[in-house]
Amino acid sequence: MLGGERGYSLIELMLAITVIGLLAAVAAPKVSHVLAVSRSQKVAADLQMLDTAVVMYEAEKGKLPAGNQIGVLKDYVERIESVKPPAGSAVIVNGQETTLSDAQYTLTSGNGSARATWGGNTAEAFLPSRAGTAAAAGN
């Protein structure tokens with residue numbers, strides 16, 4: 001009976017596991033980068049939304065929001081308490097993958113205007129580079 005049993009040998013199983021491990025090692029960095037890009041796009045969208053709320057605030061009240069907390073925009077953004085950056089996760093900032101640890105977005109005033117920022121960066125820093133996009137399209 002022992003000779004008639006069918007199955008995989010130990011070598012075959014080890015080879016299959018090695019191939020799966022190699023495929024996972026190749027795919028993991030790609031998945032990580034795609035996740036960083038998607039988090040960056042979320043941050044850019046959040047900051048653009050907050051910038052729009054600042055413009056609405058200024059148009060209605062005739063002055064810039066006081067302070068640096070986004071909570072002053074609660075009348076212009078639904079559920080503003082849930083608008084938070086992905087702290088501790090990798091994001092793309094000015095074309096470089098990095099980790100920002102700030103737990104919240106802030107408002108930064110200067111030159112007669114206010115902008116929403118995260119880690120001192122405005123929405124444009126989290127958007128894909130236009131120069132890189134043009135170069136990639138040319139190839």
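Is W118 buried or exposed in this predicted model? With 0% relative accessibility, W118 counts as buried, and the views below start from the whole chain before closing in on this residue and a few others.

**View 1. The whole chain, for orientation.** This is a predicted model, and the chain in it has two helices and four strands. Walk along the sequence and the elements come in the order α-β-β-β-β-α. Of the 139 residues in the chain, 25% are buried. Take the contacts between residues at least 6 apart in sequence: 53% of them join residues at least 24 apart. The accessible surface is about 9,400 Å², and carbon and sulfur atoms account for 60% of that.

**View 2. How far to trust the picture.** Mean pLDDT for the chain is 84, with 88% of the residues at 70 or more. The stretch to be careful with is residues 131–139, where pLDDT is below 50. Apart from near neighbours in sequence, that stretch makes zero contacts in the model.

**View 3. Y105 and W118, ring against ring.** Searching the whole structure turns up three aromatic pairs. Y105 and W118 make an edge-to-face pair, with 6.3 Å from centre to centre and 75° between the planes. Y105 sits in the loop between β2 (96–99) and β3 (106–110), while W118 sits in the loop between β4 (113–117) and α2 (130–138), so the pair ties together parts 13 residues apart in sequence. Y105 is at 0% relative accessibility and counts as buried; W118 is likewise at 0% and buried. Add F126 to Y105 and W118 and you have one aromatic cluster.

**View 4. N121, in the loop after β4.** N121 belongs to the loop between β4 and α2. Its relative accessible area is 16%, which puts N121 under the 20% cut-off and therefore among the buried residues. The N121 side chain reaches the backbone oxygen of G119 at 3.2 Å. Setting aside neighbours within four places in sequence, N121 has contacts with L47, V93, N94, L100, A116 and F126. That last one, F126, is also a member of the aromatic cluster with Y105 and W118.

**View 5. Two serines on helix α1.** S32 and S40 share a helix but not a setting. Start with S32, which lies in α1 (residues 10–61) and is partly exposed at 33% relative accessible area. Leaving out residues up to four places away in sequence, S32 touches R39 and E97. The C-alpha atoms of S32 and A90 are 8.5 Å apart, although 58 residues separate the two along the chain. Now move to S40, also in helix α1. With a relative accessible area of 2%, S40 is buried. Here the partners, again not counting residues up to four places away, are V91, I92 and F126. F126 therefore turns up in the contacts of S40 as well as those of N121, and in the aromatic cluster.

**View 6. The β3–β4 hairpin.** What holds the two strands side by side here? β3 and β4 pair in the antiparallel sense, over five bridges. Within the pairing, S109 stands opposite A114 in β4. Two residues lie between the strands of this hairpin, and N111 takes a positive phi near 55°.

Note on methods: Residues are numbered from 1 along each chain as its sequence is written. This is a predicted model: local features need pLDDT of at least 70, side-chain atom pairs count only at pLDDT 80 or more; totals for chains, interfaces and linings use all residues. Side-chain values use heavy atoms; hydrogens and water are left out. Rings of Phe, Tyr and Trp (its six-membered ring) pair if their centres lie within 6.5 Å; planes under 30 degrees apart count as stacked, over 60 as edge-to-face and the rest as tilted. Buried means under 20% relative accessible area, exposed over 50%, partly exposed in between (1.4 Å probe, protein chains only). Contact means heavy atoms within 4.5 Å. pLDDT is the predictor's confidence in each residue, from 0 to 100. A polar contact is a pair of N or O atoms within 3.5 Å; within protein, one must be able to donate a hydrogen and the other to accept it, and residues adjacent in sequence count only if both atoms are side-chain atoms. Two strands pair if DSSP finds at least two bridges between them. Accessible areas come from the Shrake-Rupley method with a 1.4 Å probe; for residues, only the protein chains shown count as cover.
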